[in-house]
Amino acid sequence: MGLTRIKHSSHSEHFLLLKYPQEPYRCEGCKELGLGPCYECEHEDCSFYLHEECANATPSAFHSFLKCSLKFHSRAPQGDERFCDACGQDVLGFVYQCKHKNPHDYHPSCLKLRRTLTAEDGRKLHLEEKPPSKCLNCRSTRTSNGIKGWSYVSSCGHYCYHVACVKDMILENWRKGYFVQDGNVNEATYYRALQSSIPHREVALPSGRSSSKIIQIWRKAKTAVMLIISALFGDPTALISLLIQQLLSD
Ligand SMILES: [Zn+2]
Ligand SMILES: [Zn+2]
Ligand SMILES: [Zn+2]
Ligand SMILES: [Zn+2]
Ligand SMILES: [Zn+2]
């Protein structure tokens with residue numbers, strides 16, 4: 001955790017304060033959606049936000065999945081259309097890029113994705129560069145734009161979701177305006193939006209299982225998705241932990 005009041009070169013006219021907003025924001029560094037702790041301009045008129053990871057980006061970085069070292073750029077220096085190799089979204093701003101001819105690109109927040117997520121019941125999801133099984137959302141090992149993309153996978157290997165797929169679910173609902181209405185977070189629509197983000201029941205269900213088994217599998221799939229959402233968009237805010245409780249009580 002960095003300092004709580006900083007100056008950042010991308011917005012040098014004002015100080016930024018570390019905050020925990022209850023609604024999604026667009027990071028002015030990487031241009032991606034954020035939902036967790038961030039630096040916000042203390043000037044009320046500004047609406048300037050930076051992911052904590054974007055504000056604290058270092059000139060170079062490493063990741064244990066990669067053999068190459070990464071350099072930070074406030075704009076991607078090579079090629080025109082670039083995608084993050086972790087989450088599959090466009091690279092439009094802050095990025096870590098390697099020096100390979102066909103370089104790897106990573107959003108600062110994606111590079112910091114936690115390697116292991118632990119649910120309240122102790123079950124774990126592990127971040128994998130190459131998924132051992134198909135993603136339960138898109139039923140493929142590659143994401144929709146053909147990027148291999150990182151995945152979170154349960155210890156048993158059955159529950160596998162692309163980071164890209166989970167991010168897409170949330171972004172789609174955000175673009176539809178489900179999260180914020182008239183400047184306020186609408187809890188009911190927010191809840192519905194997240195609930196519709198959970199993959200359909202059939203996805204995880206092999207035929208010929210008893211219904212109690214089906215509910216158990218469904219519940220595990222939901223837990224996995226909620227865990228990934230909280231990893232992607234910051235530690236659960238009060239709102240998200242409420243949603244997790246509601247989703248798991250079905
Ligand atoms: Zn950012
Ligand atoms: Zn400002
Ligand atoms: Zn990314
Ligand atoms: Zn590389
Ligand atoms: Zn997928």
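## Working through two zinc sites, five salt bridges and some strands

Around the zinc ion (ligand 1), the four donor atoms subtend angles of 97 to 120°, so the arrangement is tetrahedral. For four donors, that label asks that all angles lie between 85 and 135 degrees. Donors here are N, O and S atoms within 2.8 Å of the metal (3.2 Å for Na, K and Ca), and as water is not among the atoms, sites may look incomplete.

Before you dig in: this is a predicted model, where local features need pLDDT of at least 70, side-chain atom pairs count only at pLDDT 80 or more, and totals for chains, interfaces and linings use all residues. Residues are numbered from 1 along each chain as its sequence is written, chains are lettered from A and ligands numbered from 1 in the order in which they are written, and side-chain values use heavy atoms, with hydrogens and water left out.

**Exercise 1. Find the residues that coordinate the zinc ion (ligand 1), and work out their spacing in sequence.**

Step 1: pick out the donors. They are Cys27 (SG), Cys30 (SG), His51 (ND1) and Cys54 (SG), at 2.0 to 2.3 Å.

Step 2: read the spacing, which comes out as C-x2-C-x20-H-x2-C. Cys27, in the loop between β3 and β4, and Cys54, in helix α1 (residues 52–55), are 27 residues apart, a link between distant parts of the chain. Helices (H or I, at least four residues) and strands (E, at least two) are DSSP runs, numbered from the N terminus.

Step 3: check accessibility. Cys27 and Cys54 are both buried; the scale is buried under 20% relative accessible area, exposed over 50% and partly exposed in between (1.4 Å probe, protein chains only).

**Exercise 2. Do the analysis again for the zinc ion (ligand 4), geometry included.**

Step 1: the protein donors are Cys68 (SG), Cys98 (SG), His100 (ND1) and His104 (ND1), lying 2.0 to 2.3 Å from the ion.

Step 2: the angles around this zinc ion run from 96 to 120°, so ligand 4 has a tetrahedral arrangement too.

Step 3: the sequence spacing is C-x29-C-x1-H-x3-H. Cys68 sits in the loop between β7 and β8 and His104 in the loop between β9 and β10, so the pair ties together parts that are 36 residues apart in sequence.

Step 4: Cys68 counts as buried at 11% relative accessibility, whereas His104, at 24%, is partly exposed.

**Exercise 3. How many salt bridges does the whole structure hold, and which parts of the chain does each of three examples link?**

Step 1: search for a side-chain nitrogen of Lys or Arg within 4 Å of a carboxyl oxygen of Asp or Glu, which is what a salt bridge means here. The search finds five.

Step 2: take Glu40 and Lys19, whose closest N and O atoms are 4.0 Å apart. Glu40 is in strand β5 (residues 38–41) and Lys19 in strand β2 (residues 16–19), so the pair ties together parts 21 residues apart in sequence. Glu40 is buried at 18%, while Lys19 is partly exposed at 34%.

Step 3: go on to Lys167 and Glu32, with closest N and O atoms 2.8 Å apart. Lys167 is in helix α3 (residues 163–175) and Glu32 in the loop between β3 (25–26) and β4 (33–34), 135 residues apart. Lys167 is buried at 4%, and Glu32 is buried at 5%.

Step 4: finish with Arg82 and Asp105, which meet at 2.8 Å, N to O. The first is in the loop between β8 (70–73) and β9 (95–97) and the second in strand β10 (residues 105–106), so parts 23 residues apart in sequence are tied together. Arg82 and Asp105 are both buried.

**Exercise 4. Sort the side chains of strand β12 (residues 124–128) by face, then identify the strands that pair with β12.**

Step 1: the side chains alternate. Leu125 and Leu127 point to one face and are buried, while Lys124, His126 and Glu128 point to the other and are not.

Step 2: look for pairing, which needs DSSP to find at least two bridges between two strands. Strand β11 (residues 116–118) runs antiparallel to β12, joined by three bridges, and Leu117 stands opposite Leu125. The two strands make a hairpin with five residues between them, and Gly122 in the turn has a positive phi of about 95°.

Step 3: β12 also pairs antiparallel with strand β13 (residues 151–154), over four bridges. Ser151 in β13 is the bridge partner of Glu128.

Conventions:
Tetrahedral: all angles 85-135°; square planar, octahedral: opposite > 155°, others 65-115°.
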